[in-house]
Amino acid sequence: IGDRANKKLTFPEDFAPAERVGLGIDTHAFGEGDRIVLGGAVIPHTHGLTAHSDGDVLVHALMDALLSAAGLRDIGYYFPDTDARFAGANSMELLAEVMRLVRREGFAPCNASISVLAERPRLSPHIERMRQNVARALGLPLSAVGIAAGTNERLGYVGEGKGITCCASVLLRRTV
Ligand code: MG
């Protein structure tokens with residue numbers, strides 16, 4: 001009997017923080033195509049996003065945030081774009097693999113906070129579906145996934161409509 005918060009400190013790992021933050025950023029350029037995939041949602045558009053995979057820039061940023069928080073390498077290390085196995089890959093499936101790696105390190109997500117910068121297309125009609133997809137993939141309640149979308153006020157490559165940038169942060173907690 002005792003307070004779970006009153007943890008016995010014996011070994012070096014006992015002193016490691018129980019929570020770890022992670023940050024991931026990704027950018028993809030617009031190219032040929034008639035749809036983009038963002039947060040697992042297929043969104044019709046005048047262009048696609050150029051990529052070796054399905055170009056899901058939101059999920060790529062999220063995967064890097066998860067891996068980084070768990071002390072692992074980045075997505076280019078686990079899913080190299082020189083590997084034909086990942087050509088046209090469904091990024092939600094790669095995310096499931098990242099979650100296996102994160103769980104194996106003894107971590108589980110507490111929440112994810114994601115910001116998308118895109119001049120177009122208009123993303124607000126798709127935000128709830130993206131939140132649902134991400135929440136399901138991370139094993140989180142919907143309330144633990146925040147996705148904000150904004151323009152770049154016509155500044156820079158985002159503002160000129162040349163591409164989309166996404167920034168994701170996650171908090172992981174130790175499960176072991
Ligand atoms: Mg990417």
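This report describes selected buried acidic residues, salt bridges, a helix pair and backbone features of a predicted model.

## Buried aspartates

Three aspartates are treated in turn, beginning with Asp56. Asp56 sits in the loop that runs between strand 4 (48–49) and helix 1. With a relative accessibility of 0%, Asp56 counts as buried. A polar atom of the Asp56 side chain lies 2.8 Å from the backbone nitrogen of Gly40. Gly40 also appears among the contacts of Asp56, which, apart from neighbours within four places in sequence, are Val37, Leu38, Gly39, Gly40 and Ser91. Between the C-alpha atoms of Asp56 and Gly163 the distance is 12 Å, and these two residues are 107 residues apart in sequence.

Asp64 belongs to helix 1 (residues 57–69). Which side chain of opposite charge is nearest to buried Asp64? That side chain is Arg73, at a distance of 9.5 Å, and Asp64 has no salt bridge. A salt bridge requires the side-chain nitrogen to be within 4 Å of a carboxyl oxygen. The side chain of Asp64 does, however, reach a backbone group: the nitrogen of Ile75 is 2.9 Å away. Ile75 is also one of the residues that Asp64 touches beyond four places in sequence, the others being Leu23, Gly24, Ile25 and Asp74.

Asp26 is part of strand 1 (residues 19–31). Asp26 is buried because its relative accessible area is 17%, and the limit for that class is under 20%. The Asp26 side chain makes a polar contact of 3.1 Å with the side chain of His28. A polar contact of 3.1 Å also links the side chains of Asp26 and His60. When neighbours within four places in sequence are set aside, the contacts of Asp26 are Val57, His60, Ala61, Ile164, Thr165 and Cys166. Of these, Cys166 is 140 residues from Asp26 in sequence, yet the two C-alpha atoms are 5.4 Å apart.

## Salt bridges

The model contains five salt bridges. Three of them are set out below.

| Pair | Closest N to O distance |
|---|---|
| Arg35 and Asp34 | 3.0 Å |
| Arg131 and Glu128 | 3.0 Å |
| Glu160 and Lys162 | 3.0 Å |

How exposed are the partners in these pairs? Arg35 is partly exposed, at a relative accessible area of 47%, and Asp34 is likewise partly exposed, at 46%. In the second pair, Arg131 is buried, at 17%, whereas Glu128 is partly exposed, at 40%. Both Arg131 and Glu128 lie in helix 4, three residues apart, or about one turn of the helix. In the third pair, Glu160 counts as exposed because its relative accessibility is 52%, and the exposed class begins over 50%.

## The pairing of helix 3 and helix 4

Helix 4, which carries the Arg131 and Glu128 pair, also packs against another helix. The axes of helix 3 (residues 91–104) and helix 4 (residues 127–138) come within 9 Å and cross at roughly 35°. The crossing of helix 3 past helix 4 is right-handed. Which residues meet at this crossing? From helix 3 they are Met92, Leu95, Met99 and Arg103, and from helix 4 they are Asn133, Ala137 and Leu138.

## Backbone features

Most residues other than glycine have a negative phi, and most peptide bonds are trans. Three places in the model depart from these tendencies.

The peptide bond between Arg120 and Pro121 is cis, with omega about 0°. Pro121 is located in the loop between strand 5 (107–117) and helix 4.

The other two places are in the loop between strand 6 (145–150) and helix 5 (156–159), where Glu153 is found. Glu153 is not a glycine, and its phi is positive, near 55°. Arg154 is placed in the loop between strand 6 and helix 5 as well, and Arg154 has a positive phi of about 65° although it is not a glycine either. On the question of accessibility, Glu153 counts as exposed at 65% relative accessibility, and Arg154 is exposed with a relative accessible area of 70%.

Methods
Residues numbered from 1 in each chain as written. Predicted model: local features only at pLDDT ≥ 70, side-chain atom pairs only at ≥ 80, totals over all residues. Heavy atoms only, no water. Helix = DSSP H or I, 4+ residues; strand = E, 2+ residues; numbered from the N terminus. Buried < 20%, exposed > 50% of the residue type's maximum accessible area, 1.4 Å probe, protein only. Lys, Arg positive; Asp, Glu negative; His and termini not counted. Polar contact = N/O pair within 3.5 Å; in protein donor to acceptor, adjacent residues only side chain to side chain. Contact = heavy atoms within 4.5 Å. Axes fitted to C-alpha atoms, helices over the stretch in contact; angles between N-to-C directions. Left-handed = near helix turned anticlockwise from the far one by under 90°.
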